[in-house]
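Reader: Could you put the model up so that we can go through the contacts together? I'll ask as I go.

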Amino acid sequence: MAFYWRRSELQSVRPALISADFGLHGYYTTVWKDSRLVLNGTVVRNSDCAGFIWVPKVLFEAAESKEDFDIRENIIHINEYKIVHYSQRFGFRVGCKMFFKDYPFDTQFCEFPMKLLDAVLSNVNLEWYTENGTKFLILADEFKPLQFFLREPTALDNKEGISVRFVFVRQLMGSFINIFVPSTLIVAVSWVSFWIQVEAAPARVSLSVTSLLTLCTQVSEKLYC
């Protein structure tokens, strides 16, 4: 059984301290041949017949949440050779572990695995649909994350199923503007306390505490939100 994505888009990357999540929305199509079908030489284009034939159930393990759509939006096409094309709309919130060892020059790899829920019972393997040796994976290019540059996703095959690997390369300009420049200014302002007279303890303490709390607030907003 073959699987391919078409016109999918990635939405709203939300980085955090240990893990991040991002949205996926689009359409995926499963293709298989069922010799048990009796078509009488006709071509079927009706999503209502999904309840009367065998339809594979694809499991998305990395999806933290799923958006439900009307089943009437699904499309089934069965040609005269009993090859079934079943297109479904999807919307997921995908989790991804992040490693900040090389921050701010880090590159994050997020893998989104997929496998058949009833692969053992149906004795069917899931693999990518290919055309001229190229795996069929289309991702819309309108979305551009603010903190990351998204490379071309990679379609992978493994023993349990298939997966998509997303590669996020951090944009240095965004990190400098949002983190390094404000932090430098706050630290520079805190140095003013060295020019305040020793007798003016309340002013020195207020300035130091304000600078410290500002840095803590900035760190919590950037890393934990």
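Reader: Is Lys115 buried, partly exposed or exposed?

Author: This is a predicted model, and in it Lys115 is partly exposed, because its relative accessible area of 24% falls between the 20% limit for buried and the 50% limit for exposed.

Reader: And which residue does the side chain of Lys115 meet in a salt bridge?

Author: The partner is Glu61, with N to O at 2.9 Å. The two residues come from distant parts of the chain, since Glu61 sits in the loop between E3 and strand E4 (63–66) while Lys115 belongs to strand E7 (residues 107–116), which puts them 54 residues apart. Glu61 is also partly exposed, at a relative accessible area of 44%.

Reader: How many salt bridges are there in the whole structure?

Author: The search finds four. Among them is the one between Arg170 and Asp106, whose side chains meet at 2.7 Å, N to O. Arg170 lies in strand E14 (residues 162–170) and Asp106 in the loop between strand E6 (83–97) and E7, so this pair ties together parts that are 64 residues apart in sequence.

Reader: Are Arg170 and Asp106 buried or exposed?

Author: Both Arg170 and Asp106 are buried.

Reader: What about Arg36, which residue does it bridge to?

Author: Arg36 forms a salt bridge with Asp34, and the closest N and O atoms are 2.9 Å apart. The two ends have opposite settings: Arg36 is exposed, with a relative accessible area of 62%, whereas Asp34 counts as buried at 7%.

Reader: Switching to aromatics. How many aromatic pairs does the count come to?

Author: The count comes to nine aromatic pairs. One of them joins Trp32 and Trp54, whose ring centres are 5.7 Å apart and whose planes stand at 85°, so the pair is edge-to-face, the cut-off for that being over 60 degrees. Trp32 is in strand E2 (residues 19–33) and Trp54 is in the loop between E2 and strand E3 (58–60), so the pair ties together parts that are 22 residues apart in sequence.

Reader: How covered are those two, buried or partly exposed?

Author: Trp32 is buried, with a relative accessible area of 7%, while Trp54 counts as partly exposed at 25%.

Reader: And what is the geometry of the rings of Phe90 and Phe92?

Author: Their centres are 5.3 Å apart and their planes make an angle of 20°, so Phe90 and Phe92 count as a stacked pair. Both residues are buried.

Reader: Which residues form the aromatic cluster with Phe90 and Phe92?

Author: Tyr28, Phe60 and Phe112 join Phe90 and Phe92 in one aromatic cluster.

Reader: Now the loop between E5 and E6. What is phi of Lys82?

Author: Phi of Lys82 is near 65°, a positive value in a residue other than glycine. Most residues other than glycine have a negative phi. Lys82 lies in the loop between E5 and E6, and with a relative accessible area of 27% this residue is partly exposed.

Reader: Where is Asn79, and what does its side chain reach?

Author: Asn79 has its place in the loop between strand E5 (75–78) and E6, and its side chain reaches the backbone nitrogen of Ile83 at 3.0 Å. Asn79 is buried, with a relative accessible area of 15%.

Reader: On to the annotations. Where does UniProt place the transmembrane region?

Author: The UniProt record, an unreviewed entry, places that feature at residues 175–196. In the model this span is 73% helix and 0% strand, and its end C-alpha atoms lie 32 Å apart. The same kind of record, again unreviewed, places "domain: Neurotransmitter-gated ion-channel transmembrane" at residues 180–218.

Reader: How far apart are the end C-alpha atoms over residues 180–218?

Author: They are 11 Å apart, and over residues 180–218 the chain is 74% helix and 0% strand.

Reader: Last one: which residues form the nonpolar patch on the surface?

Author: The patch is formed by Phe105, Leu172, Met173, Phe176, Ile177, Phe180, Val181 and Leu185, which together have about 790 Å² of accessible area. Met173 is found in helix H2 (residues 172–190), and at 59% relative accessibility this residue counts as exposed.

Conventions:
Residues numbered from 1 in each chain as written. Predicted model: local features only at pLDDT ≥ 70, side-chain atom pairs only at ≥ 80, totals over all residues. Heavy atoms only, no water. UniProt positions renumbered as here; feature names shortened; annotations may be inferred. Helix = DSSP H or I, 4+ residues; strand = E, 2+ residues; numbered from the N terminus. Phe/Tyr/Trp six-rings, centres within 6.5 Å; stacked < 30°, edge-to-face > 60°. Buried < 20%, exposed > 50% of the residue type's maximum accessible area, 1.4 Å probe, protein only. Patch = residues over 30% accessible without salt bridge, like charges linked within 9 Å, V, L, I, M, F, W, Y side chains within 5 Å. Areas by Shrake-Rupley, 256 points an atom, 1.4 Å probe, with all protein chains shown as cover. Polar contact = N/O pair within 3.5 Å; in protein donor to acceptor, adjacent residues only side chain to side chain.
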